[in-house]
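I opened a fresh page for this one. My plan was to look up the fold, then the packing, then a few single residues.

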Amino acid sequence: MPSRSAAASLPGWGGGRMPWTALTAVVCGGVAVIPLLLMAVLLFAVGGLSSDSAREPWVWIVFLAPVVQLAAAMWLVLRRGWLPLVLAVLPSAALLWAVYSAAEDEGDAVGAGPVLLVLFPLLAAGFAAAPPTRRWLAARPGRARATG
């Protein structure tokens, strides 16, 4: 009986090679965590979106965006599904909207820098929803196939 390799026994790698679209989605999802985490730490340090002296109570919620993004990327690596990585764009887009709306209320110019908050999550979502990624996920071992 031939022995199985260690990589084939991992949940995300057995039963076929990961397509480049899935690998790119995971990398973009992982890279997306960096600007989201930096923005969350910055907002926490400042106390919120305005320059008030008191910390706003919702500022802890901002830390959910990088956690959701990382969890969704891991969900794809484990071959559980592509939809969480697509939906992980929503917290990033909400954070981007909050930054721009706060800057507009204050009358400050922000520039294009905060677009990085949503750029990599959008790339990850696009590659996760690509047909090769979806076929790879549909062919995972142990998945029940519909007969018809």
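My entries follow in the order I made them.

**Entry 1: the fold**

I noted first that this is a predicted model. I then looked up the secondary structure. The protein chain has 7 helices and 0 strands. Read from the N terminus, the order of elements is α-α-α-α-α-α-α.

I checked burial next. Of the 148 residues in the protein chain, 36% are buried. The exposed area is about 8900 Å², and carbon and sulfur atoms supply 70% of that.

I also looked up how far along the sequence the contacts reach. Among contacts with a separation of 6 or more, 65% join residues 24 or more positions apart.

**Entry 2: the cores**

Which residues have the most contacts inside the largest nonpolar core? I found Ala25, Leu76, Leu85, Ala128 and Trp136, in a core of 15 residues. Helix 2 (20–46), helix 3 (64–77), helix 6 and helix 7 (131–138) each give this core at least two residues. I also listed a second, separate core of 10 residues, with Leu36, Met39, Val59 and Val62 among them.

As background, I wrote down that nonpolar side chains in soluble globular proteins tend to be buried together.

I then took Leu85 on its own. Beyond four places in sequence, Leu85 touches Ala25, Gln69, Ala72, Ala73, Leu76, Ala124, Ala125 and Ala128. One name there, Gln69, sent me to the next entry.

**Entry 3: Gln69**

Gln69 sits in helix 3. Is Gln69 buried or exposed? Its relative accessibility is 0%, so Gln69 counts as buried. I listed what surrounds this side of helix 3. Leaving out residues up to four places away in sequence, Gln69 touches Gly29, Ala32, Val33, Leu36, Leu85, Ala88, Ser92, Pro121 and Ala124. Leu36, one of these contacts, is also listed in the second core.

**Entry 4: aromatic pairs**

How many aromatic pairs does a search of the whole structure find? The search returned 4. I looked up one of them, Trp20 with Phe127, and it is edge-to-face. The centres are 5.7 Å apart, with 65 degrees between the planes. The pair links distant parts of the chain, since Trp20 is in helix 2 and Phe127 is in helix 6, 107 residues apart.

I checked exposure for both partners. Trp20 is exposed because its relative accessible area is 59%, over the 50% cut-off. Phe127 has 23% and is partly exposed.

I also noted one aromatic cluster, made by Phe44, Trp60 and Phe63.

**Entry 5: the loop between helix 2 and helix 3**

I followed Phe63 from that cluster into the loop between helix 2 and helix 3. Its relative accessibility of 25% makes Phe63 partly exposed. Phe63 touches Leu37, Ala40, Val41 and Phe44, with residues up to four places away left out. The C-alpha atoms of Phe63 and Leu37 are 6.9 Å apart, with their positions 26 residues apart along the chain.

Gly48 lies in the loop between helix 2 and helix 3 too. At 3% relative accessibility, Gly48 counts as buried. Which residues is Gly48 in contact with, leaving aside neighbours within four places in sequence? I found Leu43, Glu56, Trp58 and Val59. I also looked up the distance to Val62, 14 residues apart from Gly48 along the chain. Their C-alpha atoms are separated by 9.5 Å.

**Entry 6: a backbone angle**

I stopped at Arg79, in the loop between helix 3 and helix 4 (83–87). Phi of Arg79 is near 60 degrees, a positive value in a residue other than glycine. For context, most residues other than glycine have a negative phi. I checked burial here as well. Arg79 has 1% relative accessibility, so Arg79 counts as buried.

**Entry 7: the surface**

Which residues make the nonpolar surface patch of about 300 Å²? They are Val115, Leu116, Leu119 and Leu123. I placed Leu119 in helix 6 (residues 116–128). Leu119 is partly exposed, with a relative accessible area of 38%. That value fits the patch because patch residues need over 30%.

Terms used: Residues numbered from 1 in each chain as written. Predicted model: local features only at pLDDT ≥ 70, side-chain atom pairs only at ≥ 80, totals over all residues. Heavy atoms only, no water. Patch = residues over 30% accessible without salt bridge, like charges linked within 9 Å, V, L, I, M, F, W, Y side chains within 5 Å. Areas by Shrake-Rupley, 256 points an atom, 1.4 Å probe, with all protein chains shown as cover. Salt bridge = Lys/Arg side-chain N within 4 Å of Asp/Glu carboxyl O. Helix = DSSP H or I, 4+ residues; strand = E, 2+ residues; numbered from the N terminus. Buried < 20%, exposed > 50% of the residue type's maximum accessible area, 1.4 Å probe, protein only. Core = buried A, V, L, I, M, F, W, Y, C linked by side-chain atoms within 4.5 Å. Contact = heavy atoms within 4.5 Å. Phe/Tyr/Trp six-rings, centres within 6.5 Å; stacked < 30°, edge-to-face > 60°.
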